Amino acid sequence: KAKNIKWKAIETLDKQLETFETNIMKRGAKVIWAEDAQQALEAVKKICEAKNCKTLVKSKSMVTEEIHLNDFLEKNGIESVETDLGEYIQQLDGEPPYHIVTPAMHKSKEDVAKLFAEKLGTDPKATPEQLTLKAREILREKYVQAEVGVTGANFLIADIGGIAVTENEGNARLSCSMPQTHIVIAGIEKMIPSMTDLGLFWPLLATFGTGQKMTVYNTIITGPRQANETDGPVDMYVILLDNGRTNILANEKQRESLYCIRCGACLNACPVYKNIGGHSYAATYSGPIGSVITPHLKEMGEWKHLSYASSLCGNCTEVCAVKINLHELLLDNRKESVVEGYTTLKERMAWKIWK
């Protein structure tokens, strides 16, 4: 059922995006269309300059990792603070996320205690509870200071013009409600047609992502603070990012990889990912789904190796929440790379002789 709903959303994506834009603008949000990472970053910079922003808080978002938002803001003299505990740990350590759902999955509690002792001066033998309280103490202060809050979107809801955000810590709610300005950065493929679809997608994402029936905090945001409301940001901007997604949309075979709800189930099931870990992929999106989409979001010639580094065991397809035929798409990527001429002369000669 979820696959069919995503099929409908992706097949009519142009109309759904326009419906979404119309509905969210009615409630005072501004929508910015960004064709690539550069346009999205420039839009964020422009907003931050207009708001005289020195400190920015952001919740966990893979799309901001994709456009390297933290590095960009740092270069422009803006402090960008990750508020998800896992992402905060990774930011302190100067590492990208290891997994698309649990970014610091590869670190033990001893590793984190050592890191916090080095960076924040806590006791090297501190318990996870004490470390969490220390992070909370620091982050609470940042929420109060920050002029701008950035979040991603788990789903864009067309019929009400809403952003659905799913989390377990409450940090995304604080990031989008305490600062005066809220910026949402979302890939255009996050679209679902109706709010009623969340009854299916929220439990699906939680079950496949973390094994919960529902995540702790599920929020729908439909615009900035309204005239009769006391809480929330004064301004809200939604940046709809393409950054190669229309390349996948134009490819009839690969189009179904846009159904992905980023639950991370394929990473947990993949024997390759389990053995080599997330950082070995050197791409924003690791695991089977990353191997499928990265060559299309970036350069096929440079990233085709990801599709070859797979056992094609089909475990990813089996566990996929929206039944994407991942192992077939990996094979198709291999075929495309050959058709486009990204093979070496040695390889072509070997096959000619074999034939």
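**Exercises on buried charges and nonpolar cores**

At 3% relative accessibility, Glu 189 counts as buried (buried: under 20% relative accessible area; exposed: over 50%; partly exposed: in between; 1.4 Å probe, protein chains only). The model is predicted, so that local features need pLDDT of at least 70 and side-chain atom pairs count only at pLDDT 80 or more, while totals for chains, interfaces and linings use all residues. Residues are numbered from 1 along each chain as its sequence is written, and side-chain values use heavy atoms, with hydrogens and water left out.

**Exercise 1.** Determine which salt bridges Glu 189 forms with Arg 245 and Arg 262, and which network they belong to.

Solution.
- Step 1. A salt bridge requires a side-chain nitrogen of Lys or Arg within 4 Å of a carboxyl oxygen of Asp or Glu.
- Step 2. Glu 189 pairs with Arg 245, the closest N and O atoms being 2.6 Å apart. Arg 245 lies in helix α11 (residues 245-250) and Glu 189 in the loop between β7 (181-187) and β8 (191-192), so this bridge ties together parts 56 residues apart in sequence. Helices (H or I, at least four residues) and strands (E, at least two) are DSSP runs, numbered from the N terminus.
- Step 3. Glu 189 also meets Arg 262 in a salt bridge (3.3 Å, N to O). Arg 262 lies in the loop between α11 and α12 (265-269), so the pair links parts 73 residues apart in sequence.
- Step 4. Arg 262 is buried, with a relative accessible area of 13%.
- Step 5. Through shared partners, Glu 66, Glu 189, Arg 245 and Arg 262 form one network.

**Exercise 2.** Describe the surroundings of Glu 82 in strand β3.

Solution.
- Step 1. Strand β3 spans residues 79-82.
- Step 2. At 1% relative accessibility, Glu 82 is buried.
- Step 3. Its side chain makes polar contacts with those of Lys 58, at 2.7 Å, and Asn 70, at 2.9 Å. Such a contact is a pair of N or O atoms within 3.5 Å; within protein, one must be able to donate a hydrogen and the other to accept it, and residues adjacent in sequence count only if both atoms are side-chain atoms.

**Exercise 3.** State how many residues the largest nonpolar core has, and which helix gives the largest share.

Solution.
- Step 1. A nonpolar core is a set of buried Ala, Val, Leu, Ile, Met, Phe, Trp, Tyr and Cys residues joined through side-chain atoms within 4.5 Å.
- Step 2. The largest core has 66 residues.
- Step 3. Helix α3 (residues 37-50) supplies the largest share, 7 residues.
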